[in-house]
Amino acid sequence: VEIVGKKYVEPALSVEKEDINIAVYPNPTEDRLNINFGKLFNKVSVQVVNVLGQVVQSSEYKSISDIQLNLDAQTGLYILNIKADDVINVSKKIIVK
């Protein structure tokens, strides 16, 4: 956390090379996540990583704009890493309950 003036600035969890809003819902979830890109991508990879940095699930998709990801994960906090067409590299926190 960096303090700038009187504001607290948290480091970004994600980096996007293009202004695209990726919707990930519901969060928290029990067993399924919906990922909506808002546009079509040729190649998308998705990883679910636990707090120890271990990849617990990994998937690749072609020509897709929406993903319904069935989670095979225990209750806890995870990081969802999404890469799309070398344009998007995003990490989002997800909670599995």
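What pattern does the protein chain follow when read along the sequence? In this predicted model, the chain runs β-β-β-β-β-β-β-β, and its secondary structure accordingly comes to eight strands and zero helices. Of the 97 residues in the chain, 31% are buried, while the exposed surface of the chain comes to about 6,600 Å², with 47% of that area supplied by carbon and sulfur atoms. Among contacts in the chain with a separation of 6 or more, 49% are between residues 24 or more positions apart.

The interior is a good place to begin. In soluble globular proteins, nonpolar side chains tend to be buried together. Here the largest nonpolar core has 23 residues, and those with the most contacts inside it are Ile 22, Ile 35, Val 44, Ile 67, Leu 69 and Leu 80. Two or more residues of this core are given by each of E5, E6, strand E7 (76-84) and strand E8 (88-96), and E5 provides the largest share, seven residues.

Ile 35 shows how such a core residue is surrounded. Once its neighbours within four places in sequence are left aside, Ile 35 is in contact with Ile 22, Ala 23, Val 24, Val 46, Ser 65, Asp 66, Ile 67, Leu 80 and Ile 82. One of these partners, Ile 67, belongs to E6 and stands opposite Ile 35.

That pairing is part of a longer arrangement between two strands. E5 and E6 run antiparallel and are joined by 13 bridges, and together they form a hairpin with four residues between them, where Gly 53 in the turn has a positive phi of about 85°. Tyr 61, found in strand E6, offers another view of the region: the C-alpha atoms of Tyr 61 and Ser 45 are separated by 6.3 Å, although these two residues are 16 residues apart along the chain. Not counting residues up to four places away in sequence, Tyr 61 touches Asn 42, Lys 43, Val 44, Val 46, Ile 67 and Leu 69.

At the surface, Leu 52 lies in the loop between strand E5 (32-50) and strand E6 (55-70). Is Leu 52 buried or exposed? Leu 52 counts as exposed because its relative accessible area is 68%, a value over the 50% cut-off for that class. Leu 52 also joins Val 51, Leu 77 and Ile 95 in making a nonpolar surface patch of about 410 Å².

The backbone has several further features that deserve inspection, and they fall in two loops. In the loop between strand E4 (23-25) and E5 lies Pro 26, and the peptide bond from Tyr 25 to Pro 26 is cis, with omega near -15°. Pro 28 has its place in the loop between E4 and E5 as well, and the peptide bond from Asn 27 to Pro 28 is likewise cis, with omega near 10°.

The other loop, between E7 and E8, holds Asp 85, which has a positive phi of about 50° although it is not a glycine. Asp 86 is also placed in the loop between E7 and E8, and its phi, near 55°, is again a positive value in a residue other than glycine. As for accessibility, Asp 85 counts as partly exposed because its relative accessibility is 27%, whereas Asp 86 is exposed, with a relative accessible area of 74%.

Key: Residues numbered from 1 in each chain as written. Predicted model: local features only at pLDDT ≥ 70, side-chain atom pairs only at ≥ 80, totals over all residues. Heavy atoms only, no water. Patch = residues over 30% accessible without salt bridge, like charges linked within 9 Å, V, L, I, M, F, W, Y side chains within 5 Å. Areas by Shrake-Rupley, 256 points an atom, 1.4 Å probe, with all protein chains shown as cover. Salt bridge = Lys/Arg side-chain N within 4 Å of Asp/Glu carboxyl O. Buried < 20%, exposed > 50% of the residue type's maximum accessible area, 1.4 Å probe, protein only. Contact = heavy atoms within 4.5 Å. Core = buried A, V, L, I, M, F, W, Y, C linked by side-chain atoms within 4.5 Å. Pairing = 2+ DSSP bridges.
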